[in-house]
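Dear colleague,

I am passing on the structure we spoke about, together with some notes on what turned up when I went through it. Please have it open beside this message as you read.

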Amino acid sequence: MKIAMIGTGYVGLVSGVCFSDFGHDVVCVDKDPDKIAMLERGEVPIFEPGLDTLMAKNVEAGRLTFTTDLAAAVDGAEAVFIAVGTPTRRGDGHADLTYVMAAAEEIAHAAKDYVVIVTKSTVPVGTNRQVKQVVKKARPDLDFDVASNPEFLREGAAIDDFMKPDRVVVGVQTERAAEVMADIYRPLYLREFPILTTDLESAEMVKYAANAFLAVKITFINEIAALCERTGADVKQVSKGIGLDGRIGNKFLHAGPGYGGSCFPKDTKALARIGQEHGLPMQITETVIKVNEEVKRRMIDKLLDLCGGSFNGKVIAVLGVTFKPNTDDMRDAPSLTIVPALVGAGAKVRVADPQGQREGKALLPGVVWQEDPYKCAHNADLLVILTEWNEFRALDLKRIARKMNAPRMADLRNIYSVQDANRAGFDVYESIGRAGFERKGKSRSSDL
């Protein structure tokens with residue numbers, strides 16, 4: 001099949017590359033000529049493990065090309081996917097559909113024969129019907145169908161998620177569109193991965209409901225972690241204990257500094273807005289949004305306590321600023337709340353992150369970037385672990401402690417233990433939802 005993918009952001013590029021690996025002829029379209037030139041040189045504008053290799057393989061096979069010419073890409077395509085951005089609209093929290101509707105209108109003018117216009121972008125319930133109206137208005141004579149095909153890709157594991165999905169959700173209105181979508185996903189049908197075919201609205205709602213539910217799990221365990229700190233319980237043991245219940249499951253029960261990323265913040269806000277528009281407030285989702293922001297602020301208070309009540313003049317080493325490991329994505333990362341608070345209060349902040357510097361340089365002004373975590377910690381008054389990159393999971397903690405001016409650690413991802421920090425020579429160790437320690441005679445304000 002010939003497929004056109006409109007948009008070469010995270011979702012569009014990963015989807016386009018993976019569809020080409022299914023054996024389809026895929027043309028990826030973007031208005032940015034610099035990005036297209038970069039892709040044609042074989043360079044990937046995002047960090048996603050394995051994507052560069054898979055892209056090169058399919059370009060070489062002649063199944064994957066890139067262009068700025070939307071009309072040429074759409075000509076002869078049996079399906080055109082819209083994978084443009086839907087950022088949160090300022091002021092009301094709703095998803096901005098400007099790019100989606102503009103793409104739909106361009107597709108309408110470019111298409112010549114029957115085509116299925118598939119929305120891959122995350123969009124509010126009812127959007128695909130709006131897309132249909134936009135296309136009809138632009139081209140009353142065009143033979144087409146619309147379909148909803150939300151993505152469920154985890155950054156850092158997107159290729160595996162696409163090739164071995166938990167499920168594929170397809171929303172359609174006609175059997176003809178369903179057949180086209182079945183042909184596109186035939187390799188997954190043959191391997192018996194679950195493919196759910198629904199109406200348009202249900203497919204749109206599945207995406208929001210899934211992300212909101214996962215955000216609820218993360219926020220719930222973060223609240224439990226705060227209570228564990230007050231009661232003496234260990235949140236890692238609590239998480240394991242409840243995660244063994246098959247009705248709950250163990251995923252997304254890791255306490256930390258709050259969720260971030262391209263999906264959860266945006267989609268929870270959009271779902272809350274959809275509820276308001278329909279006169280049915282999503283009270284759980286609205287509370288999750290509020291609590292998640294409070295969790296980030298609680299981290300700042302924790303760090304302030306470790307610095308003796310003042311950040312002014314302190315040297316703080318921060319390991320990891322992307323919202324999760326194995327990505328360069330900084331969108332709504334906890335670091336964007338925590339690090340500026342440190343800098344604004346007078347701290348001298350150093351940052352080390354394997355992939356975060358490209359975006360982080362503009363988003364985190366006033367910090368010093370280090371390639372090496374040991375240099376980052378040199379003469380520091382506090383070490384903060386914000387993102388659980390594998391590079392930070394097996395540090396020589398003794399070497400870190402010796403290099404620091406005051407060996408204090410805030411492990412906000414719980415990747416080490418009290419015993420690890422104690423044996424390494426740290427004076428103070430704090431984590432999330434677990435007991436820390438402070439050596440006798442070593443006040444948190446001493447030597448600071």
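To begin with one residue, and leaving out residues up to four places away in sequence, Ile-218 touches Phe-252, Tyr-259 and Phe-264. Please keep in mind throughout that this is a predicted model. Ile-218 sits in helix α10, which covers residues 200–231, and with a relative accessibility of 12%, under the 20% limit, Ile-218 counts as buried. From Ile-218 to Asn-292 there are 74 residues in sequence, whereas the C-alpha atoms of the two are 8.8 Å apart in space.

The domains come next. The domain assignment divides the chain into domain 1, residues 2–198, and domain 2, residues 199–447, and the centres of the two, taken over C-alpha atoms, are separated by 33 Å. Domain 1 contributes 36 residues to the contact, and domain 2 contributes 31 residues. Between them the two domains bury about 2,600 Å², with 57% of that area on carbon and sulfur atoms. On the side of domain 1, Phe-47, Val-125 and Glu-155 together supply 29% of the area buried against domain 2, which is more than any other three residues supply.

I then turned to the annotated positions. The UniProt record, an unreviewed entry, lists Cys-263 under "active site". In the model Cys-263 is found in the loop that runs between α11 (235–243) and α12 (264–277). Is Cys-263 buried or exposed? Its relative accessibility is 18%, and because the limit for buried is under 20%, Cys-263 counts as buried. Apart from neighbours within four places in sequence, the residues in contact with Cys-263 are Glu-151, Lys-207, Asn-211 and Thr-268.

The same kind of caution about an unreviewed entry applies to the feature "binding site", which UniProt places at Asp-30, Lys-35, Thr-86, Thr-122, Glu-155, Lys-266 and Arg-331. These positions are spread over 302 residues of sequence, and they are also spread in space, with up to 24.4 Å between C-alpha atoms. Thr-122, one of these residues, is included in the lining of the second largest cavity. Glu-155, also on the "binding site" list, has already appeared above among the three residues named for the area that domain 1 buries against domain 2.

Two of the listed positions deserve a fuller description. Asp-30 lies in the loop between β2 (25–29) and α2 (33–40), and its relative accessibility of 14% means that Asp-30 counts as buried. Setting aside neighbours within four places in sequence, Asp-30 is in contact with Gly-7, Thr-8, Lys-35, Ile-36, Thr-67 and Thr-68, and with Thr-8 there is a polar contact between the two side chains, at 2.7 Å. Lys-35, by comparison, lies in helix α2 and is partly exposed, because its relative accessible area is 23% and the partly exposed range runs from 20% to 50%. Beyond residues up to four places away in sequence, Lys-35 touches Thr-8, Gly-9, Asp-30 and Pro-45, so Thr-8 appears in the contacts of both Asp-30 and Lys-35.

Finally, there are two details at the ends of α2. At its start, a side-chain oxygen of Asp-32 comes to within 2.9 Å of the backbone nitrogen of Asp-34, and just after the helix Gly-42 takes a positive phi of about 90°.

With best wishes

Terms used:
Residues numbered from 1 in each chain as written. Predicted model: local features only at pLDDT ≥ 70, side-chain atom pairs only at ≥ 80, totals over all residues. Heavy atoms only, no water. UniProt positions renumbered as here; feature names shortened; annotations may be inferred. Helix = DSSP H or I, 4+ residues; strand = E, 2+ residues; numbered from the N terminus. Buried < 20%, exposed > 50% of the residue type's maximum accessible area, 1.4 Å probe, protein only. Contact = heavy atoms within 4.5 Å. 1 Å grid on protein atoms, 1.4 Å probe; cavity = no way out; pocket = protein on both sides within 12 Å on 5 of 7 lines; lining within 4 Å. Polar contact = N/O pair within 3.5 Å; in protein donor to acceptor, adjacent residues only side chain to side chain. Domains from an automatic or database assignment. Buried area = accessible area lost by both parts, 1.4 Å probe.
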